[in-house]
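Let's take a walk through this protein together. Keep the structure open beside you and follow along as we go.

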Amino acid sequence: MQMASAAGAPQPNLLDRAQAARSAEERGEGRDREDQQSESRRPDFPSPRCGEEARRPPPTSPVSAPSVGGARGGGVRLSGGEDYAAGAGRFPIRAKGDGTSGAMATPSPAKSMGDPGITPLSPTHIQQKDTDQNAQTGASFIVVVAIDFGTTSSGYAYAFVKEPECIHTMRRWEGGDPGVSNQKTPTTILLTPDRKFHSFGYAARDFYHDLDPTESKQWLYLEKFKMKLHTTANLSIDTELHAANGKKVKALDIFAYALAFFKEQALKELSDQAGADFDNADVRWVITVPAIWKMPAKQFMREAAYKASLVCRENPEQLIIALEPEAASIYCRKLRLHQMVDLGAKTSMNGYSPTDNVGSVMTQGDRYVVVDCGGGTVDLTVHQIRMPEGHLKELYKASGGPYGSIGIDYEFEKLLCKIFGQDFIDQFKIKRPAAWVDLMIAFESRKRAAAPDRTNPLNINLPFSFIDYYKKFRGHSVEHALRKSNVDFVKWSSQGMLRMSPDAMNALFKPTIDHIIQHLRELFDKPEVTDIKFLFLVGGFAESPLLQRAVQDMLQGRSRIIIPHDVGLTILKGAVLFGLDPGVIKVRRSPLTYGVGVLNRFVEGKHPPEKLLVKDGTRWCTDVFDTFISADQSVALGETVKRSYTPAKPSQQVIVIHIYCSEKERVAFISDPGVRKCGTLRLDLSGTEAPAPGVRREIQTLMQFGDTEIRAMALDVSTSRSVKASIDFLSQ
């Protein structure tokens, strides 16, 4: 695939062009595509259609389209109540049922009278039919394009709605490394010294490698940056990444540049196939993320997609966030038996016909585990087959951790620091960033050769600039450093290479693999995880013989270990299938407990005395956690949690309610240990009619927790008109 124009030429700024196209469209300044192409060597790509063509629900729809995160900007906070004013605060009205409850807008209204909140009137759960909006089949789109945005490598695949069984993977990328499949491209991105997009993937890596060392220090090169979204405690739109030269750049820009690049590549390939420009409005986009990612990271990816004009904010359902192990699970069910390896079988799948697929071997109620071993994370999910449709039910909440293959890279770096000194390695990475990339590429190819029964050593090329810079830095040779380091299992080769014994390489794998095996043991000890028929090992790291052997030793034949032949593309192909049928997973487990803070009537002996708040003779208990859904609770696709809220004043335009979460299943108060504010629910009442005088306004809010993202819808009960509702997990 053509990933760069003439060598060395900066690429057009994809993000700037996407934003300019969007702005021009909003101003009514659109020009035809051929005129735009004449001004650029690469085809411009249109912004998503966001008007009537964006397939938005009509304004009279009784329930608004599900909002998927992304309420950007501020809003006034609301307190419920009628005339219970006290300083700046108000107190909630008396609600239906036993006493009053109100959403908290401050950690403890008993101590800070600023804004005790609003009133949930009627908590209920509603089971809706599968025809709910979040279970659309995608029939309104011509093609589904999935982007597997990986920690170490990325790519895209697509399928036309009329040919769902025929999944096309992206055209071959330029470049590649010996012994490494180049079906996908490295997740590397290069910006020019003035921070404009230059190239992505092999093209970025190779161009950066060829730069003069003094010049390369001015360019911004980033790799393995996806994990920042998982490891950043307070992820926000302003979160920054560090380029190889140490300079900071906004993470949102980098992710948007990457998505804009994939959008252009995919649309160009589709246009070439169709023989005419392919309209982005005809594409349903799918982006994969680890299942263990929290809501802020998922919303961050969605915000990056909006910024890249992959889809527009007014048409959020054009983009689906897919969970990586779920995508793998969907694909693995459809595998033919000749497309996989059964680690425990001497023959291919115990004599079953190679034209059978796994689904035909599975029966009603069969359970299986998918272990997605990627570059940054390892994700585990447990599914059960429900016949006859083959729908899936999640049996235990997704789990895992940052145990991907880059952990081995970190161990190698620690080894280098032990031999050559932390101070030298830190300086070398800054002063010779391109050479450091070369060294890690050399290590990557040898890492893939590690195996349990290997006896011959592995040689890793040291770049000349490493040897030269070390001598200038220390005043003695690399060979001298190795002799003095007391690291017996790494020797110096006269050919300019580090010679590692197989045991030395295996030792680099051990901490990461030990984490994975420990997590697998804990998972299989859960009462929900019994009678597992298959364990599917997927993701790029699943190709490691060392990991395969460790999983075999742990399971001891309890489950059949299946590895797809195209193990690195399993998630990508599964994400396409998910985009074609988003309703295939009917039941999920909530990863966290979610709720809001409310005021309840104070009950002596039940509520702690320090939570007592007396106002106008009424005794309230503050900080009560009103649970929407509990951690590991089973929730069906389309199932909603309903709450009703009422504004403090008839003229009020915005309601903002703070959402709290916890990893614990049972939570009593928002002040409990482990409970944190994680998001805001925003109800925009502008554009809706105020009720008649004396009539209390009721805003009925529906929240869906059974999809890959939390969604919100709202309805003005008095007028039956939709209210714009959104949940924001990033602006905390």
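Helix 6 covers residues 251-274, and its length can be checked with simple arithmetic. The expected span of a helix is 1.5 Å times one less than its number of residues, so the 24 residues of helix 6 should span 34 Å, and the end C-alpha atoms are indeed 34 Å apart. Helices here are DSSP runs of H or I with at least four residues, strands are runs of E with at least two, and both are numbered from the N terminus. Right after helix 6 comes Gly275, with a positive phi of about 80 degrees.

Before going on, a word about where this picture comes from: it is a predicted model, in which local features need pLDDT of at least 70 and side-chain atom pairs count only at pLDDT 80 or more, while totals for chains, interfaces and linings use all residues. Residues are numbered from 1 along each chain as its sequence is written, and side-chain values use heavy atoms, with hydrogens and water left out.

How many residues of helix 6 are buried? Buried means under 20% relative accessible area, exposed means over 50%, and partly exposed lies in between (1.4 Å probe, protein chains only). By that rule 20 of the 24 residues of helix 6 are buried, so the helix is largely enclosed by the rest of the structure.

Helix 6 also leads us to the largest nonpolar core, to which it gives the most, with 14 residues. A nonpolar core is a set of buried Ala, Val, Leu, Ile, Met, Phe, Trp, Tyr and Cys residues joined through side-chain atoms within 4.5 Å. The largest one has 151 residues, and Phe255, Trp285, Phe420 and Leu535 have the most contacts inside it. A second, separate core has 32 residues, including Leu592 and Ile629. Contact means heavy atoms within 4.5 Å. Leaving out residues up to four places away in sequence, Trp285 touches, among others, Lys263, Ala266 and Leu267, as well as Val145 and Ile147.

Now find strand 5 (residues 143-149), which pairs with strand 6 in the antiparallel sense over seven bridges. Two strands count as paired if DSSP finds at least two bridges between them. Strands 5 and 6 form a hairpin with three residues between them, and Val144 stands opposite Ala159. Strand 6 has other antiparallel partners too: two bridges join it to strand 7 (residues 168-169), where Thr169 is the bridge partner of Ala157. Another two bridges link strand 6 to strand 8 (residues 185-186), with Ser153 opposite Pro186. Seven of the eight residues of strand 6 are buried, so this strand is largely enclosed by the rest of the structure.

Further along the chain, three strands form an open antiparallel sheet in the order 20-22-21. Strand 20 (458-461) and strand 21 (490-493) stand at the edges with a single partner each, so one side of each has no neighbour in the sheet. The twist averages 30 degrees from one strand to the next; axes are lines fitted to C-alpha atoms, for helices over the stretch in contact, and angles run from 0 to 180 degrees between N-to-C directions. Four bridges join strand 20 to strand 22 (residues 497-500), and Ile460 has Leu498 as its bridge partner. Across these three strands lies helix 10 (residues 406-420), running at about 110 degrees to strand 22.

Finally, step back: the protein has 17 helices and 35 strands, and 58% of its 732 residues count as buried.
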